[in-house]
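The following exercises concern the strands, helices and salt bridges of one structure. Please work through each task before reading its solution.

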Amino acid sequence: MKRYIPIIVGILVAAFALSTLRLPDSKTAFDTEKFGTLPILVNGRIKPLDTVARTSLLFMQHKQTFKRPDGTRLEPVEWLLDVFFRPDLSDDYRHFRIVSPDVLALFSLREEDGDHFRYSFNQLRPAIQELERQAELTFEIESALRTPFQKSVVQLREQMMLYHRLKHSMQLPDSEDFLAEVLRFQEVLPAGVAAARAKSTGTEMNEADFKSILDFANRYEFMASMAYILPVPPPEGSADGTTWFNIGQALQRAFEKQAIDAHVMAYAAMGHAYRAGSHEQFNEIVRIHSEQFEKRFTDKLDRSKVEFRFNHAQPFYKASILFVLAFLLAVFSWLKWPEELGRSAFWVVLVAFLLMTLGIATRMWLEARPPVTNLYSSALFVGWGSVLLGLILERFFRNGIGSVTASTVGFLCLVIAHNLSFTGDTMEMMRAVLDDNFWLATHVVVITIGYSAMFLAGFLAIVYVVMGTITRRLDAPTADALTRMVYGIVCFATLFSLVGTILGGIWADQSWGRFWGWDPKENGALLIVLWCAVILHSRWGGLVRQRGLMNLAILGNVVTAWSWFGVNMLGVGLHSYGFMDSAFIPLVVFGLSQVAIVGLGSLPLPMWRSFKAA
């Protein structure tokens, strides 16, 4: 029976992977799928409304799932619909994450007043002015010198500002019926504009018409300044075919065009139907609006549909689940049924790798960019590269070690990527200095592959130390195999790190007119190359044997982590593109853990539980 285990595991894992292609059944009568695929412009990138919902929830509460106070589970786009069109409901939703006791005290709140450290706008409303005052005081202090309380104040203010801007994106929150208001605006627009022109020329005018149009102008000017998303595309036949507008701006343009944009009317009608609970009317408006969009912006709508399906598929989340399963199968293969469980682990890692590949390829297509453009995508690619190398090792050695290290590094990199997603859209627009696909596809990819190799070598070395000190599994053949693995991967990492560093210097020469400037990021890249050279020369010169090689490889994890994240946290230099001080403690903990493992690997030989390691 045990010979069928790989087949059974393979079928179940393949079915799990294929389930990512199926959209879940909607639990609401409103066509949230079609609404969620509607393209809008935010921060320079056209994306579906579903992405806006997910990134907003991640930014505010660090997770995409959401429950109403009554326990009803909402899809992200359903939550966004309530924020857009039912702010009276969403103001009671607990979606602001606050973990600082001092910030809670600012609002006279306690931990038990929230839901897993999450609080509603109405709970925070009474002390908003005090929050603003504290934030203004904090802005006068350099970011690196701010206290945890001050950092939490700024973070909460940014979260509340995002929510406030979302509420003003599709309608004015104080409008009881925004569609009726827009229709009224359309009705008084001709007379109001005529009165305004008469006012400017000093001729006789209708005071009531002038006051009415002035009220509308003030309301829509405020809406234009607050709105977060730009859902109105360029008018047909306009000279500038790239400028999108928010609803407030589009309504302001009505004064000049003497007509209200059809997209504004469509979104106002959607809001009216949604507030009234008329799902049939809502779905019909969304369908017609989507069809009109498709006539002029087929490519943008197609990309939005793909991104919508990508959001729901969550390939990286499902890959992380498979990595855990593969790790357990590989570890258990050392205890029983090594061939069957080892093969099962290999196939599970392979399926997880294919999911990662599909996810990265989809992101590349959506962005029209190489795989690495920011810290988030670098975490994905580092994990992808390590898993690929681990699969190759497992294919040659067939001892489960390649599967264990591949699944471990892959899972950790996906966890890092998940935490990096809390900052907002992970497919953000590129900074001007990085906006070069050639160098992104050469220097950045090559240097990131070097990171992958260094981490894989380091984790292979950790397996060596753990097996030799905590278990009795490290026999001479296994130790020799691990030594060959680590040595080969370090050679691979040396090549890619060196070539990547040289390519980076050439790019710097083209961008800034100098090949090398001792920038922190440049120094970090050089440190990896030098550490690889230390490992190889120590081995060639006989200064270290097996255990020494492993300990040096483990310390390579610290050097690589510093080059990858640490230099960004210095906040100085031309390469500090991904500054996030929240990573400081995890980075320190990781470094200390590696030093502790090196200490374990340096124990006197009599304390090793298996063969006498060289």
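A residue counts as buried under 20% relative accessible area, as exposed over 50%, and as partly exposed in between (1.4 Å probe, protein chains only). The model is predicted, so that local features need pLDDT of at least 70 and side-chain atom pairs count only at pLDDT 80 or more, while totals for chains, interfaces and linings use all residues. Residues are numbered from 1 along each chain as its sequence is written, and side-chain values use heavy atoms, with hydrogens and water left out.

**Exercise 1.** Determine which way the side chains of strand β1 point and how β1 pairs with β2.

*Solution.* Helices (H or I, at least four residues) and strands (E, at least two) are DSSP runs, numbered from the N terminus. In a regular strand, side chains alternate between the two faces of the sheet. In β1 (residues 39–42), Pro39 and Leu41 point one way, Ile40 and Val42 the other, and all are buried. Next, consider the pairing, for which DSSP must find at least two bridges between two strands. β1 and β2 (residues 45–48) run antiparallel and are joined by four bridges; one of the bridge partners is Lys47, opposite Ile40. Two residues lie between the strands of this hairpin, where Asn43 takes a positive phi near 50°.

**Exercise 2.** Compare the expected span of helix α18 with the distance between its end C-alpha atoms, then examine its surroundings and ends.

*Solution.* The expected span is 1.5 Å times one less than the number of residues. For the 23 residues of α18 (residues 375–397) this gives 33 Å, and the end C-alpha atoms are 33 Å apart, which agrees. Of these 23 residues, 18 are buried, so α18 is largely enclosed by the rest of the structure. At the N-terminal end, Asn374 acts as a cap, with a side-chain oxygen 3.3 Å from the backbone nitrogen of Tyr376. Just after the helix, Arg398 takes a positive phi of about 50°.

**Exercise 3.** Locate the salt bridge of Asp215 and classify the exposure of both partners.

*Solution.* A salt bridge places a side-chain nitrogen of Lys or Arg within 4 Å of a carboxyl oxygen of Asp or Glu. Asp215 pairs with Lys211, the closest N and O atoms being 3.3 Å apart. The two residues are four apart in helix α11 (residues 207–226), about one helical turn. Asp215, at 37% relative accessibility, is partly exposed, whereas Lys211, at 52%, is exposed.

Note on methods. A polar contact is a pair of N or O atoms within 3.5 Å; within protein, one must be able to donate a hydrogen and the other to accept it, and residues adjacent in sequence count only if both atoms are side-chain atoms.
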